[in-house]
Amino acid sequence: MTELHHLHAKAALFDLDGTLVATEHRSRAAWTRLFTTHHVPCDDTVLATFVGRRGKEALADHVHDFPGHTVDELFDEACGYLMGPDSPPPFAVPGAAELLADLHTRGVPLAVVTSGLRAHATEMLDHVGGADLFQVIVTAEDVNAGKPDPQGYLDACRALGVHPADGLAFEDAPAGVSAAKSAGLRCVALTTTHGAGDFAHADLVVPDLTPLRWTPTADAH
């Protein structure tokens, strides 16, 4: 029987891709196609550098392998693959819709802090109840530096009116956990895209969102 974990905080802040909606298989396919189309070697180590980060920042680490092309050009090409008709469909991470519905009913302030673009976030959130569940949505367009920089989480806490020490973040990538912890948040890590060994700094590691329960009492763990 799966162990349940009871949580409490004044606000809940969620990463999107891999945390609320399973999209990593789509992103992986798009980045792989970009690299192979340009005859650039691509393996699991390369693909791991993109997880949880803003696409353009991750591409900047590899643009030297694409002579004659800019980061913007490559990013637009990858987005085209992502939105193509043969792109594998996204789906809700187990437990995501149920947890969000419960938090919304309880009146817990909610935010999304994503490395993706706003249009992508709005579309993906339809899989877990819709963007209207969230008071704050911080996307790649809203920050000067993406994860692991804490700016997105700090901005979201400020917009929610919650001190980071009173908030709880949910992430699926090491870069995201680093961002949340650097912001001063507690962080729950999901092993939807990484192994548990990658989350040494998380406060709790779970396979998905199904074992989590929210409690109104402050003595939860």
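In the predicted model, the search for enclosed spaces gives a count of 1 cavity of 30 Å³ or more. The volume of the largest cavity is about 70 Å³. Its lining is made up of 13 residues, and those nearest the centre of the cavity are Val113, Val143, Gly146, Lys147 and Gly152. By residue class, the lining of the largest cavity consists of 5 nonpolar, 5 polar and 3 charged residues.

Lys147, one of the residues nearest the centre of the largest cavity, also takes part in a cis peptide bond. This bond runs from lysine 147 to proline 148, and its omega is near 15 degrees. Proline 148 is located in the loop between β6 and α7.

Helix α7 spans residues 151-160, and its buried residues are Gln151, Gly152, Tyr153, Ala156, Cys157 and Leu160. Gly152 of this set is also among the residues nearest the centre of the largest cavity. The cover over the buried residues of α7 includes the strands β2 (11-14), β5 (110-113), β6 (136-138) and β7 (167-171), together with helix α8 (174-183). Just after α7 comes glycine 161, whose phi is positive, at about 75 degrees.

The open spaces were examined as well. The largest pocket has a volume of about 470 Å³. A total of 25 residues line the largest pocket, and Asp17, Ser27, Leu82, Gly116 and His120 lie nearest its centre. Two or more lining residues come from each of the elements α1, α4 and α6 (118-125). The lining of the largest pocket comprises 12 nonpolar, 7 polar and 6 charged residues.

The next set of results concerns nonpolar cores. In soluble globular proteins, nonpolar side chains tend to be buried together. In this model, the largest nonpolar core has 33 residues, and the members that touch the most other members are Phe14, Leu20, Phe134 and Phe170. The element that gives the most to this core is helix α5 (residues 96-106), with 4 residues. When neighbours within four places in sequence are left aside, the contacts of phenylalanine 14 are Thr19, Leu20, Leu99, Leu100, Leu103, Leu110, Ala111, Val112, Val113, Phe134, Tyr153 and Phe170. Among these contacts, Val113 is also one of the residues nearest the centre of the largest cavity, and Tyr153 is one of the buried residues of α7. Another core, of 22 residues, lies apart from the largest nonpolar core; its members include Ala156, Cys157, Ala189 and Phe199. Ala156 and Cys157 are also among the buried residues of helix α7.

Aromatic side chains were then considered. The whole structure contains 4 aromatic pairs. One of them joins phenylalanine 35 and phenylalanine 50, with ring centres 6.1 Å apart; the planes stand at 90 degrees, so this pair is edge-to-face. Planes over 60 degrees apart count as edge-to-face. The two residues are 15 residues apart and belong to distant parts of the chain: phenylalanine 35 is in helix α1 (residues 24-37), whereas phenylalanine 50 is in the loop between α2 (44-48) and α3 (55-60). Phenylalanine 35 has a relative accessible area of 1% and is therefore buried. Phenylalanine 50 is also buried, at 7% relative accessibility.

Phenylalanine 35 forms an aromatic pair with phenylalanine 66 as well, and this pair is edge-to-face, with 5.1 Å from centre to centre and 80 degrees between the planes. Because phenylalanine 35 lies in helix α1 and phenylalanine 66 in the loop between α3 and α4 (71-82), the pair ties together parts that are 31 residues apart in sequence. The relative accessibility of phenylalanine 66 is 2%, so this residue counts as buried. One aromatic cluster is formed by Trp31, Phe35, Phe50 and Phe66.

Two further sites are described by their position and exposure. Histidine 39 is in the loop between α1 and α2. Its phi is near 55 degrees, which is a positive value in a residue other than glycine. With 73% relative accessibility, histidine 39 counts as exposed. Leucine 7, in contrast, is buried, with a relative accessible area of 6%. Leucine 7 belongs to strand β1 (residues 5-7). Between leucine 7 and valine 40 the C-alpha to C-alpha distance is 44 Å, and the two are 33 residues apart in sequence.

Key:
Residues numbered from 1 in each chain as written. Heavy atoms only, no water. Phe/Tyr/Trp six-rings, centres within 6.5 Å; stacked < 30°, edge-to-face > 60°. Buried < 20%, exposed > 50% of the residue type's maximum accessible area, 1.4 Å probe, protein only. Contact = heavy atoms within 4.5 Å. 1 Å grid on protein atoms, 1.4 Å probe; cavity = no way out; pocket = protein on both sides within 12 Å on 5 of 7 lines; lining within 4 Å. Points joined across faces, edges and corners; volume = space filled by probe spheres on them. Nonpolar A, V, L, I, M, F, W, Y, C, P; charged D, E, K, R; others polar. Core = buried A, V, L, I, M, F, W, Y, C linked by side-chain atoms within 4.5 Å.
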